[in-house]
Amino acid sequence: IPITQPREVELACVDGYVACDVDQDVLYIAQVERYGKNGNVGKAFMGGFHMTSGAIASSVGHDNHNIIVMGDSFEDMALAVNRCVELGGGQVIVRDGKVAAEVA
């Protein structure tokens, strides 16, 4: 059973938005609605994965199969989501602006 533990961290504001902080194990996470119903994107922060760069996106999720993406870079996250869409679903890992691995 996954255990969720809340924690408080201080995050910097960069160019008008709150930035993630890999040194504190705080990444961006988003859920992208993929059925064309409303185009919603839920955004938050996530920890516990100890990623230091890049992004990972997945459309595999039994609740709704929307695309979940996590990372430290909006650009890498967008590339991972868009590639996941191109594949028709699956999982994608992006590093430094390039797809590093994918499973359709």
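## Aromatic pairs

The ring-pairing rule used here gives three aromatic pairs. Rings of Phe, Tyr and Trp (its six-membered ring) count as a pair if their centres lie within 6.5 Å; planes under 30 degrees apart are called stacked, over 60 edge-to-face, and the rest tilted. One of these pairs is Tyr17 with Phe74, a tilted one with 5.4 Å centre to centre and 55° between the planes. Tyr17 sits in strand 2 and Phe74 in helix 1 (residues 74-86), so this contact ties together parts that are 57 residues apart in sequence. Helices (H or I, at least four residues) and strands (E, at least two) are DSSP runs, numbered from the N terminus.

Then there's Tyr28 with Phe45: the ring centres are 5.8 Å apart and the planes are at 35°, so this pair is tilted. Here, too, distant parts of the chain get linked, with Tyr28 in strand 3 (residues 27-32) and Phe45 in strand 4 (residues 41-46), 17 residues apart. Put the ring pairs together and Tyr17, Tyr28, Phe45 and Phe74 make up a cluster.

## About the model

Keep in mind that this is a predicted model: local features need pLDDT of at least 70, side-chain atom pairs count only at pLDDT 80 or more, and totals for chains, interfaces and linings use all residues. Residues are numbered from 1 along each chain as its sequence is written, and side-chain values use heavy atoms, with hydrogens and water left out.

## Buried or out in the open

Tyr28 is buried, at a relative accessible area of 8%. Phe45 is partly exposed at 36%, Tyr17 is partly exposed at 33%, and Phe74 is partly exposed at 41%. For these labels, buried means under 20% relative accessible area, exposed over 50%, and partly exposed in between (1.4 Å probe, protein chains only).

Tyr17 and Phe74 also turn up on the surface, where they join Val14 in a nonpolar patch with about 240 Å² of accessible area together. Patch members have over 30% relative accessible area and no salt bridge; nonpolar side chains (Val, Leu, Ile, Met, Phe, Trp, Tyr) are joined within 5 Å, like charges within 9 Å. A salt bridge is a side-chain nitrogen of Lys or Arg within 4 Å of a carboxyl oxygen of Asp or Glu.

## Strand 3 and its partners

Strand 3, home of Tyr28, runs antiparallel to strand 4, and six bridges join them. Gln31, for instance, has Gly42 in strand 4 as its bridge partner. Strands pair if DSSP finds at least two bridges between them.

Strand 3 is also joined to strand 6 (residues 67-71), again antiparallel, by five bridges. There, Ile29 stands opposite Met70.

Methods:
Areas by Shrake-Rupley, 256 points an atom, 1.4 Å probe, with all protein chains shown as cover.
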